[in-house]
Amino acid sequence: MPGKLKAKIVAGRHLPVMDRASDLTDAFVEVKFGNTTFKTDVFPKSLNPQWNSEWFKFEVDDEDLQDEPLQITVLDHDTYSANDAIGKVYIDIDPLLCTEAASVISGWFPIYDTIHGIRGEINVLVKVELFNDLNRFRQSSCGVKFFCTTSIPRGYRAAMVHGFLEELVVNEDPEYQWIDRIRTPRASNEARQRLISLMSGELQRKIGLKVLEMGGNAVVGYLQCFDLEGESGLVVRAIGTACTLEKLTSGSLASAHTHPNTAPASNACNSPSKDGKEPVFGEDLPSSSGPPTPFRALPTSSSSPPPFSPCKPCSRQSSSSDTDLSLTPKTGMGSGGSAGKEAGPLKTLLRQQTQTALEQREFPFFTLTSFPPGFLVHVGGVVSARSVKLLDRIHNPDEPETRDAWWEEIRQEIKSHAKALGCHAVVGYSENTSICEEVCILSASGTAAILNHRYMREGCLDIGSTDQRFEDPSPPSCGFCHIPYDELNMPFPAQLTYCYNCRRQKVPDVLFTTIDLPAEAAVTGKGCLIQARLCRLKKKAQGEVNATVISNLLPFMEYELHTQLMNKLKLRSMNALFGLHIQISVGENMLLGLASATGVYLTALPAPGGIQIAGKTTGDMSNEQHILTIQKRINDTIARNKELYQINPPKLFALDPEVFCGTNMELTEEGVGSPIPEPRHRSRLFRSHSESSDEVSELDLSHGKKDAFVLEIDDTDAVEDIHSLLTDASPPAGFHSCNTETMPGIYNWTTAVQMFTSVRVLRLSNANLSNQSLNKIFTDLCENLLKSFYFKLRSMVPCCLCHLNFNVAVPEEELIQVSVTAVAMTFDKDQTQERPAERFITKGGSETDEQLQFSLELCADSSSTNSQPSSRISGTVSLFTPAAKLCQSQLVVVHSTGVPENTIVSSRAASVDYGSFADRCSTWLELLRLKAHTIRRGSVKTSRRTQSLAHSVSSLEHCSPLTEGRSRSVRSSRSFGGSPVTMVKMTPLSFLPGTRNIKYLGIINMFFIRETTSLREEGGVSGFLHSFIAEVFAMVRAHVAALGGNAVVSYSMKDCVLMENPNKNQAQCLINVSGDAVIYVRETDQEPTASMTNMGQSLCAADGAT
Amino acid sequence: MAVELDVFVGNTTIMDEEVYQLWLDGYTVNDAVKARMDAGVLEECEADADVLLSDTMDQYRTFQMCERLLQSPAKLANQLLFQITPHRQVMLIERYYAFDDTFVREVLGKKLSKGTKKDLDDISAKTGVTLKSCRRQFDNFKRVFKVVEELKGPLVENIRQHFLLSDKLARDYAAIVFFANNRFETGKKKLQYLTFQDFALCAGQLINNWTVGAVDNMVEDMDVDLDKEFLQELKELKILIADKDLLDQHKSLVCTALRGKTKAFAEMEANFKNLSRGLVNIATKLTNTKDVRDFFIDLVEKFIEPCRSDRWTAADIKLYLTHYTNSAHILDPFKHQAVWDRYMGVIKSCIFIMYHD
């Protein structure tokens, strides 16, 4: 009996008129938790009732506390007939169960009705008193912290990363129960919302239990999804990474915070002093100049490089996208096993080589996408697996074995792919589904990697010998690019060269990953969003036939997507993809494929070759001419892109590709040939036209050796493909775009952010479309969306669209739906040049430092000699599509000097952030005003928060009109009739630029249904969805504000399922969103000079490091 | 290939001021797109007509959703649906309640009822303001009227508080409400030369001096209705023209003071009795609602027009009225000094405002 939940209903406002006669409402409230219900008195004849109820107390199990939401229903009292419901509020009380998170939920919540939307607001207070329960067999997991963020949350350090968590629960979908035929749509929607809320509560509790079992205290990278399987049921599933997190002690914070007050004010302007003993700013600095706080004093051996030992294990390999059709869904056993195809005996060899503790885990998967330095040792490449299943009714909700087995199968496949790559772990792992009627495509993907065992419990135990081979004195800026595998024993032909950065290790020619760009990676120029889009028609079919058709199509789609990606990457003169996400959506008569990634030029990798066009029929003059023009256009585009993305690799000496064609593998430094100042390599890509062949995955690998990097034009399709390559417009001046957390090459963000969601649905009017014209339509749809964003956000220039997350669906036969969520962030134009040191402030921040320190600490404890903290991730192209395999550049370029990129640019480090100075001044005025205000109110705690929040206000007044902020401004005092609304920022990123997350308040995970039977009156589907999305945002913001927060980070809209029937004037939409509620403060808060002085300090530190 | 659905929703509601103005001005989406293209939006960034159309539709939808809130601006500040920064809120409200002088001139003093709304078509055709915009402006007037009608306290302050308007706009609305309530005639041909701002200034004078609120500030309708007692008292002023001696005495006092100070002295002397009769008659008739309505037309006919035909300058008017007012104090048998001052203060100001050289 370990919990007492207390709720108080304070007041309502803006209620709808429920009584037409009086134009008023007699409202009362029902508060329900579990099976207990309380009611307030009726507050007669008012649209702004003041109930001021007593505390309603619920005495409940903590298990229920985790599963159940608090349900608040506002009703209109009617003496003669049934009371009319105005709307509901579901409050997830999970954040209150965690001591470190929120302590009270208090604020205005929108009253939501699934038919009418938001109808007024209600002010509620909720508290929980938890009693300690030492029962070891308990079913609850109170206190386990959940984070959507896919990195170690700021302000925490990972004492231990335990590993993969997965769980799923299934139930019947209320929408498809017999009772649905007789109940109202409202009742049905509410039953569904409540069920899903219950299921996700249960899921979270079960995941929490697993974490406790593993000995952890938190889930990071928590990803929860709903599968609406229609008739066959409802699946809620989640994956995550179990960690033991430690909150950074106030001691370390305090020591950092006290400093700037003592720093002379003169520090604030001009160049940073070179004074080495300058302390560090909070946790936001990479510790390179030594341990700045006592807390960091433990590391002992960071300076002694461990003995060099070449990596033994390994393989650059990749995965296949396998599709296997399960013909016996009930048992869940697939028939396919196509995974083994490409690996063969090699795999077993590799398996023997990588005997580590990790291997003993069932699934060494990690949902994280960015890591503390030293965590990743090698990156093997992208692994992915897909499987087509036929859905069948879930007969027993308590035994979700079938679905479990399906995922188990996929994960096994991923695991074996990773092994084939010589890697023992998968990072940046994610799972998703696409369902159409009774066919379901399950997909999983991740990046095969070798991790540093020190972070794993097992690793800690046997840290001695097994760990050594990963130690290597490579600089962190390029270490992760180095190939981990034995070049003499490569799984497939690949072009290797010596690392352009350190020249000690071999690197591959191209690198694809699903993770974020490591903060310490050396990048030349800027990155950009690269998308491959593909439509494939398929015949309408039923059941197994349909599933077979789909699984036969999948490999071709994947092949095509990779070819596109590779070509587009080369067109932009880049050599690596991060954040790769491939989505394949199934509809009744087509399949849609969308691959998004952020392309960058990794300094350590060779320059990509160009693209050469070859015609089949020589001699035909007009054709020749045509090819020449295309070739010229391609070359021009590449040249233009190089300029646009500022890709000017540091001095390179290139070798004539033709000369070294055969012997390139053995190249060493001594082999440096005559310098060619601006290398313009011809690489060739062979574009295979073997789509008609059944055996794509068995394409002759030797093709690669004969004919790589030639685009052959032999039919009209190929011409179209090349044209479509060239149609991708680059963003207009002042804009950048990426789908990763931040953009390489931009480090000086301002605080202005604008998160947005955009949905577009296209109706294909012509039923007889070809694949080609469909492709064009789909590509245009995506391109036009991007164009729209650039136009809408033009006032934010210079600006970068970050974390562009595209989601495609085929909701009906002739509809294509694309939904996008992203954040636009502005940056200071004058300082866009690379300032490597700063990136730690803006991005890596808290993690890098503290987590780095952790690993050292641990090493000291385990008396290990290998404690080189630098991360050594090495990796290669990993896509196992033929495209990836065939792409080999036939040239070798050797870095002449080995000067790391960092030192070249660090001379720019002295500049100080003047941009925000004016901004700051206005902030002080505002602050003074608010201080006076808050002091009167008393409480130290609140006043501090208010102050800090006030800063964001002034910044917003100063910045572009689009900026978000908090409304506690002078002007808003003009309003009356209620407190001003808290401004809540939202971002899909794990941080807000220029701020620190000082507290994580808990996870936000909400599911809403909206339905209308008056579609026309609501402005058609667009009007309907527009207001629904706005309502969802409003409800998320209200919940965050009620928890005391002022931002949502790692926000994502995971589902947006829209069903419409304009003829019946009806539409229904389901939206699922999640994120982490946080309190942030501007970096400038509390210590006015901090940001300026510290920028200098950190730069000094960084200088010392390079 | 029809776009079935196209929405863009920002966490902070994105609103383009230009598009907002076009929406307020009653442009259709297509007209707005054209107007934006003509304004050169496309040139300043690389976009095409489709992008512009999509953006305009989005914004129009947003405005339509916001309209409900704009109609009770206090809600805008504490609603949760749209996250709008405070300074944007101020802009939205101010622009929503802004009106065209040409439009308001047409409805000023008319009853804000449904019957009048039917005339909006005609007004729209006459003024060139789109019907949609006319509707919004008219509905704004009506809404403000309805809200302040039932409130105690000063009119301008009530409007400012309830609709969160700037001081200037609140004053204008106060004038509109005041005119509508008292149904002042403003549409006659002779009054056409007067702008809305002229009337608004006059209304300010009347509100501040002649209403109940001018003496007692906690009465209902205090600023909207004229002070009945005061209007009754005005009847007493009749003596100024009824008593022949008093009229002569008044005239000689004024003439003595004016002599040599103005070129128009001769005309002033000649017209004194006429003008004085005109002004005093206006005062004594104000107890009749009908005559209240004709207040401005009477001022023009009885005073401004004669003066104008005699080519008085504004300075002449000022001089004359000052002495006319002050001289009455010296008149021995005239006992209604307070009422006289209260009356003439406003009349003087109104005539200054209404007398265009």
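User: How many helices and strands are there in chain B, and what makes a run count as one or the other?

Analyst: This is a predicted model in which local features need pLDDT of at least 70, side-chain atom pairs count only at pLDDT 80 or more, and totals for chains, interfaces and linings use all residues. Residues are numbered from 1 along each chain as its sequence is written, chains are lettered from A in the order in which they are written, and side-chain values use heavy atoms, without hydrogens and water. Chain B has 21 helices and one strand, these being DSSP runs of H or I with at least four residues for a helix and of E with at least two for a strand, numbered from the N terminus.

User: Why are residues of chain B called buried, and what percentage of them is buried?

Analyst: A residue is called buried because its relative accessible area is under 20%, with over 50% being exposed and the range in between partly exposed (1.4 Å probe, protein chains only); of the 357 residues in chain B, 54% are buried.

User: What makes a set of residues a nonpolar core, and which residues touch the most other members of the largest one?

Analyst: Such a core consists of buried Ala, Val, Leu, Ile, Met, Phe, Trp, Tyr and Cys residues joined through side-chain atoms within 4.5 Å. The largest has 247 residues, and I122(A), L602(A), Y320(B) and Y343(B) touch the most other members. Helix 19 of chain A (residues 1020–1042) gives the largest share of this core, 14 residues.

User: Which residues is Y343(B) in contact with, leaving aside neighbours within four places in sequence?

Analyst: Contact means heavy atoms within 4.5 Å, and the partners of Y343(B) include W210(B), F230(B), L279(B) and I282(B).
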